[in-house]
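Hi,

Here is the structure I promised to pass on. Have a look at it first, and my notes on what turned up are underneath.

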Amino acid sequence: MTAPQSPAFPAHRRLVTDDLEKLLTILPDSIRDRLADHPNKNALIEVVMDLGRIPEARFENSTEDLGDRPISREDLQYSVERVGMFSGDNRAGIERTLHRISAMRNRQGDIVGLTCRIGRAVFGTILMIQELVESGKSILLLGRPGVGKTTALREIARVLADDFGKRVVIIDTSNEIAGDGDIPHSAIGRARRMQVATPELQHKVMIEAVENHMPEVIIIDEIGTELEAQAARTIAERGVQLVGTAHGNRIENLIKNPTLSDLVGGIQAVTLGDEEARKRRSQKTVLERKAPPTFDVAVEMLERQRWVVHSDVSITIDTLLRGHQPLLEVRTVDDQGNVKITEEMEHPVEIPNWNPQTKMAPEPSRPRGLRASGKMAPLPFGSQKKKLVSPRSNALDPLIDQSWIARDPQQQEKVRVPGPNGEDYPVYVYPYGVGRSQLEQVIEILRLPIELTKDLEGADAVLALRSQLKNHSKLRQIAQTCHVPIHAVKSNTIPQITRGLRRILNLDDPQNQEPTDLRLFAQSNSDDEIDALEEARLAVEQIVIPQGQPVELLPRSAKIRKMQHELIEHYRLQSSSFGEEPNRRLRIFPA
């Protein structure tokens, strides 16, 4: 049944309500009569009935009493007899609907309260992340109860099954996604649903779904135990797209949760060497990500129409563990269905270091370096470049635009010397979104004639991270005006950075592979790291490339396997990890 639009749902969404009359029929007469004629019943969220208290109707922004007669045991028994069987998590439903009835019990196991939550299927709820759903990446949804996580899961299942023809299996532990009864609700489209006998068996049903039913996508609601987190990792490693929800409002909550931290890669304490600690300007013992995240993308559902998207969870986690604030991609949608994407440096929900005594937040952190000292004075530039500064209401915005091409007065005058083929060395590179420590490491070890500069106008080239580049038209616009070429790299790995810098110097020839310096890929240059990298190098150069045969390496830790993966990528070959810890190892494939 398609219900009329209500103020709670924007016009671009088509609201489908599972016949509100079916829920009203399980309620006592006095409550049913009041709700049946209620002018705002289409915005009803839940009905609460507690023994000895006045029943309540809860709407999105208000709560309303339903009469003046307290709930009796007879009222509760009347409703319990008209719903399905309560499962181990004290939840029941109404067959072929999405409504959920949850029970509260006393110490003797008797029901003393009911929460009757209205279940609605809302099409169009995933408009803000449509391209992420289509990309095939695993997506984790976070948010407070009632913000719409289950509704979004239901819509994702329908879109992937109906619009893209994928084999979708839903692990429906509480029958909340596809409704009560043996026949799933039509809101999930052609997706299939596996029910779970008890919540404790959810992780086993997850593995069973992959092994028995050949899904391309697995949908899971409420990942809440360590066994379920491990099952989710197993599913993701088998190449199945995973879409799930977890307890927590923000991605930082998962880092602090030892049970669920494995969803974002897990956290471990690492002791750095003296040189590495000085390079990072940190303590010797730091927290680092233990493994690749189970989910590629994380979405923080702050409000129904305002979500924060972390398109690369690994970068976000690494940034947070190093004590920095990641750049947040905030997506909003208006009532006409127009999606707006903005970027914010500070988290839009929590005010850090809030002082409850003064009820004031501390002074916001200021930028560091040359801009903070005021030494990057903007230079006057021609009328053609002035067109780049669009008129805005905020007086600071033009200054920010000018800072792209501001010079450092203390920077030494550029001195160039001729290269072996008449080139002008060194080449000045403006990095954008690329790790400066990795850049300096590659330049130093390979002795490349490259200098890093903060002056975009005076740079010879720009080296930018591709994911950061596509959303920043300002950088592309200014680089085009200044006639500075942009070279993009796919990721912040040593092979990609090395290839990008050699491409700037016109030295990147796939047919002419130069000797590989293993120091590029080692983090601490320990004997274990060098031995593992040397093993991978010999396997590639003596077996994989000349003989065209795949090779399996010795078991290594996750940290060392990551270095071996980067070394293999340097040779433009593919590799994958397989096996269980502690015998997990690399397999290298020929081109």
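Strands S5 and S6 (residues 100-105) run antiparallel and are joined by 3 bridges. If you want a spot to zoom in on, try Gly93, which stands opposite Arg100 in S6. Bear in mind throughout that this is a predicted model.

That pair belongs to an open sheet of 6 strands, paired antiparallel, and the order across the sheet is S4-S3-S2-S7-S6-S5. Which strands stand at the edges? They are S4 (63-65) and S5 (91-93); each has a single partner strand, so one side of each is left without a neighbour in the sheet. On average, neighbouring strands here are turned by 20 degrees against each other, if you ignore direction. Helix H3 (residues 73-80) packs on this sheet, where it touches strand S2 (44-50) and strand S7 (111-117). The direction of H3 makes about 50 degrees with that of S7.

Next, the loop between H3 and S5, which is where you'll find Asp89. Is Asp89 buried or exposed? Neither, as it turns out: its relative accessibility is 23%, and buried means under 20%, so Asp89 counts as partly exposed. What does Asp89 touch, once you leave aside its neighbours within four places in sequence? The answer is Ser174 and Pro199. Asp89 and Ser174 are 85 residues apart in sequence, yet their C-alpha atoms are 7.7 Å apart in space.

Over on the surface, there is a nonpolar patch formed by Leu127, Val339 and Ile341. Together these three have about 220 Å² of accessible area. Ile341 sits in strand S19 (residues 339-344). Its relative accessibility is 48%, and exposed means over 50%, so Ile341 counts as partly exposed.

Finally, some numbers for the whole chain:

- There are 19 helices and 28 strands in the chain.
- The chain has 591 residues, and 46% of them count as buried.
- Taking contacts between residues at least 6 apart in sequence, 59% join residues at least 24 apart. The Asp89 and Ser174 contact, with the two positions 85 residues apart in sequence, is an example you can look up.
- About 31,200 Å² of the chain is exposed, with 48% of that supplied by carbon and sulfur atoms.

Happy to go through any of this with you.

Cheers

Note on methods: Residues are numbered from 1 along each chain as its sequence is written. This is a predicted model: local features need pLDDT of at least 70, side-chain atom pairs count only at pLDDT 80 or more; totals for chains, interfaces and linings use all residues. Side-chain values use heavy atoms; hydrogens and water are left out. Helices (H or I, at least four residues) and strands (E, at least two) are DSSP runs, numbered from the N terminus. Buried means under 20% relative accessible area, exposed over 50%, partly exposed in between (1.4 Å probe, protein chains only). Contact means heavy atoms within 4.5 Å. Accessible areas come from the Shrake-Rupley method with a 1.4 Å probe; for residues, only the protein chains shown count as cover. Two strands pair if DSSP finds at least two bridges between them. Axes are lines fitted to C-alpha atoms, for helices over the stretch in contact, and angles run from 0 to 180 degrees between N-to-C directions. Patches are made of residues with over 30% relative accessible area and no salt bridge: like charges are joined within 9 Å, nonpolar side chains (Val, Leu, Ile, Met, Phe, Trp, Tyr) within 5 Å. A salt bridge is a side-chain nitrogen of Lys or Arg within 4 Å of a carboxyl oxygen of Asp or Glu.
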